[in-house]
Amino acid sequence: MTGISITGCGSATPEVALGNDGISRIVETSDEWIATRTGIRSRRLASQTNALAALATQAARSALEMADVAAADIDLIILATSTPDDLFGTAGVVQVELGAVKAAAFDLTAACSGFLFGLVTAAQFIRAGAYQNILVIGADVLSRWTDWSDRRTCVLFGDGAGAIVVQANETGDRLLGFDLRTDGTQNSCLTLGFQGQPRDLTDGVTIQQGTYQPIQMNGQEVYRFAVKKVPEIIEKALFRANLSADQIDWLLLHQANQRILDAAAQRLGIPPEKVISNMANYGNTSAASIPLALDEWVRQGKIQPGHIIASSGFGAGLTWGAAIFQWGR
């Protein structure tokens, strides 16, 4: 069976940064309150001219350059996002901007788990022999849907994009194990829901029209869910990879809250120096957070070819997943 390799990564964030002191001028809070509860010190925010497609395209170009793959050779683009520029899909715009003329392209929505769901989806297309080269992009502009009067949530989120190139590998498979889960019974814990109003079109025909409402989150429930489910699913993915926690080089979790990262690492027995964290600078960027952190660690030379990475995403749905993979060809 054809395996996969992850051969390139890239990322992009808006230029504008808003620190915790800036947040404290919007809602009643402080740098100390935010940092001690979340680990977040700053976040990047997209301006009116920053389209999601532009961030995703910039991240994808960097990933293609690192992988030394031409855009024209990409077979498929998977854009994991919950905040598209167009509800009909934004992946097609990225395809045009890249010049990936032969690539199929579609959006995938699994909130903060979206990037990992996209990675596993890409691997199945390659393992089945359908495609050779796939771009997986995680990108979100959550500032569009943040309630900036709600200090429980507005301190958390930032905007950004990250991307990887996934290629067919005839000599091995660098995706060593994975598991994906969803529990819809807890859907109400974290939502960005549509709210419509009835509109009478004609006699006996009423439709609803409206828009999406800002993010609503039961933070305590999401925290309890994450610290329980994330270690469990990583252990299952490690079991499928026939590996133990002490054999991984890096723990790369969705960058939601430093306390979740610390709790998961402690339960897995992984020392702090192996835990990747850049949320202090970017906040929670949803589907972008894992590839954004991966790109930073690769470009700093911390992650080397052959290193084993245990990654887990978790969030709205509620969805969660884990993947164990080796970096490089």
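The backbone oxygen of L252 lies 2.9 Å from a polar atom of the S311 side chain, a polar contact in the sense of a pair of N or O atoms within 3.5 Å, where within protein one must be able to donate a hydrogen and the other to accept it, and residues adjacent in sequence count only if both atoms are side-chain atoms. The model is predicted, so local features need pLDDT of at least 70 and side-chain atom pairs count only at pLDDT 80 or more, whereas totals for chains, interfaces and linings use all residues. Residues are numbered from 1 along each chain as its sequence is written, and side-chain values use heavy atoms, with hydrogens and water left out.

S311 itself belongs to strand β14, with helices (H or I, at least four residues) and strands (E, at least two) taken as DSSP runs numbered from the N terminus. The relative accessibility of S311 is 0%, so this serine counts as buried; buried means under 20% relative accessible area, exposed over 50%, and partly exposed in between, with a 1.4 Å probe and protein chains only. Apart from neighbours within four places in sequence, S311 is in contact with L116, L252, I290, G321, A322, A323 and F325, contact being heavy atoms within 4.5 Å.

L252 stands opposite S311 in β14, and L253 has S312 as its bridge partner in that strand. Strands β13 (residues 250–253) and β14 (residues 308–315) run parallel and are joined by four bridges; two strands pair if DSSP finds at least two bridges between them. Both faces of β13 are covered, with W250 and L252 buried on one side and L251 and L253 buried on the other. In a wider view, β13 is part of an open four-stranded sheet with the order β8-β15-β14-β13 and mixed pairing. Its edge strands are β8 (175–182) and β13, each of which pairs on one side only. From one strand to the next, the twist averages 10 degrees, with axes being lines fitted to C-alpha atoms, for helices over the stretch in contact, and angles running from 0 to 180 degrees between N-to-C directions.

Helix α4 (residues 91–98) offers another view of burial, with A91, V94, Q95 and L98 buried. Seen down the helix axis, these buried residues fall within an arc of 105 degrees, so they line one face of α4; the arc is that of the directions from the helix axis to the C-beta atoms. They pack against α3 (52–67), β4 (76–80), β5 (104–108) and β6 (133–141). After α4 comes G99, with a positive phi near 75 degrees.

Several loop residues also merit a look. N278, in the loop between α8 (258–268) and α9 (279–282), is buried, with a relative accessible area of 4%. Its side chain makes a polar contact with that of E296 at 3.1 Å. Not counting residues up to four places away in sequence, N278 touches Q255, L292, A293, E296 and W297.

Backbone geometry completes the picture. Two residues that are not glycines have positive phi: N242 at about 60 degrees and S286 at about 55 degrees. N242 lies in the loop between α7 (219–240) and β13 and counts as exposed at 69% relative accessibility. S286, by contrast, is in the loop between α9 and α10 (289–299) and counts as buried at 3%. The peptide bond from G317 to L318 is cis, with omega near -10 degrees, and L318 is found in the loop between β14 and β15 (319–326).
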